[in-house]
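Work through the exercises below with the coordinates open. Each one gives a task and then a stepwise solution.

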Amino acid sequence: KNYASVEMITVAIMHGLEVGLTPMAALQSIAVINGMPSIWGDGMLALVRNSGFLEDMEETQEEDENGPTIAICKVKRRGQGWTVQSFTRPEAMRAGLWKKTGPWTQYPRRMMQMRARSWALRDAFADVLRGLGSAEETQDMVDVTASGSATTAPPAPTSDCTSASVS
């Protein structure tokens with residue numbers, strides 16, 4: 001069993017409060033990975049929608065016989081133009097994600113969608129997200145073992161607050 005430590009729960013709640021989440025919503029939406037608070041893609045979208053700044057959003061994907069080729073996310077912030085981000089299969093391949101065991105193998109459409117979404121939302125709503133990256137992306141940046149401990153950079157904190165999802 002992978003139980004979150006008191007420190008990770010505290011980080012999740014405190015960072016959630018900073019972006020307007022209740023403690024229970026923070027525990028459901030914030031993941032602490034290698035000591036870094038991150039937010040799941042659906043939680044990121046919920047924060048942006050709740051801000052009142054999101055005027056419109058469109059997410060699309062294209063596919064071929066081998067699966068998704070590109071995911072595109074367009075967001076329109078009230079009073080501004082469209083912000084468009086995409087994530088392509090070649091980018092996933094260059095990053096070593098395309099055949100990576102886990103969600104990338106099981107749900108490549110969803111993972112590409114989350115990457116494009118997080119980039120677009122972070123570009124257009126940095127003030128709302130206050131530096132929170134997506135948990136899906138943060139997990140891809142560190143080697144999270146089956147036991148739930150991160151084994152690569154950024155350097156591990158000195159406490160036992162190394163990696164866990166408190167959701």
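The exercises cover strand pairing, aromatic pairs, charges over rings and one arginine, all in a predicted model.

**Exercise 1. Strand β4 and its partners**

Task: Determine how strand β4 pairs with β3 and with β5, and state whether β4 is largely enclosed or not.

Solution:
1. Strand β3 covers residues 54-64 and runs antiparallel to β4, with ten bridges joining the two.
2. Among the bridge partners, D64 is matched with G67 of β4, and M57 is matched with V75.
3. The connection from β3 to β4 is a hairpin through two residues.
4. On the other side of the task, β4 and β5 are also antiparallel partners, over seven bridges.
5. One of these bridges sets A71 against F87 in β5.
6. Four residues lie between β4 and β5 in their hairpin, and G79 in that turn has a positive phi of about 80 degrees.
7. Strand β4 spans residues 67-77, and eight of its eleven residues are buried, so the strand is largely enclosed by the rest of the structure.

**Exercise 2. The aromatic pairs**

Task: Find how many aromatic pairs the whole structure holds, and classify the geometry of the pair F87 and W104 and of the pair F87 and W119.

Solution:
1. Searching the whole structure gives two aromatic pairs.
2. For F87 and W104, the ring centres are 6.0 Å apart and the planes stand at 55 degrees, so this pair is tilted.
3. F87 belongs to strand β5 (residues 82-88) and W104 to helix α5 (residues 103-106), so the pair ties together parts 17 residues apart in sequence.
4. For F87 and W119, the centres are 5.3 Å apart and the planes make 80 degrees; the angle is over 60, so the pair is edge-to-face.
5. This pair links distant parts of the chain, 32 residues apart, with F87 in strand β5 and W119 in helix α6 (residues 108-124).
6. Burial follows from the relative accessible area: F87 has 3%, which is under 20%, so F87 is buried.
7. W119 has 22%, so W119 counts as partly exposed.
8. W104 is buried, as is F87.
9. Through the ring pairs, F87, W104 and W119 form a cluster.

**Exercise 3. Charges over rings**

Task: Which ring does the charged end of R115 sit over, and which ring does K74 lie over?

Solution:
1. R115 places its charged end over the ring of F87, at 5.2 Å from the ring centre.
2. K74 lies over the face of W82, with 4.7 Å to the ring centre.
3. F87 thus recurs here: the ring under the charged end of R115 is also a member of the cluster with W104 and W119.

**Exercise 4. The surroundings of R89**

Task: Is R89 buried or exposed, and what does R89 touch beyond four places in sequence?

Solution:
1. R89 is found in helix α4, residues 89-94.
2. Its relative accessible area is 12%, and the cut-off for burial is under 20%, so R89 is buried.
3. Leaving out residues up to four places away in sequence, R89 touches D64, N66, G67, P68, T69, W98 and M112.
4. For P68, the backbone oxygen is 3.1 Å from a polar atom of the R89 side chain.
5. Two of the residues touched, D64 and G67, are the bridge partners met in Exercise 1.

Methods: Residues numbered from 1 in each chain as written. Predicted model: local features only at pLDDT ≥ 70, side-chain atom pairs only at ≥ 80, totals over all residues. Heavy atoms only, no water. Buried < 20%, exposed > 50% of the residue type's maximum accessible area, 1.4 Å probe, protein only. Polar contact = N/O pair within 3.5 Å; in protein donor to acceptor, adjacent residues only side chain to side chain. Contact = heavy atoms within 4.5 Å. Phe/Tyr/Trp six-rings, centres within 6.5 Å; stacked < 30°, edge-to-face > 60°. Lys NZ or Arg CZ within 6 Å of the ring centre and 35° of its normal. Pairing = 2+ DSSP bridges.
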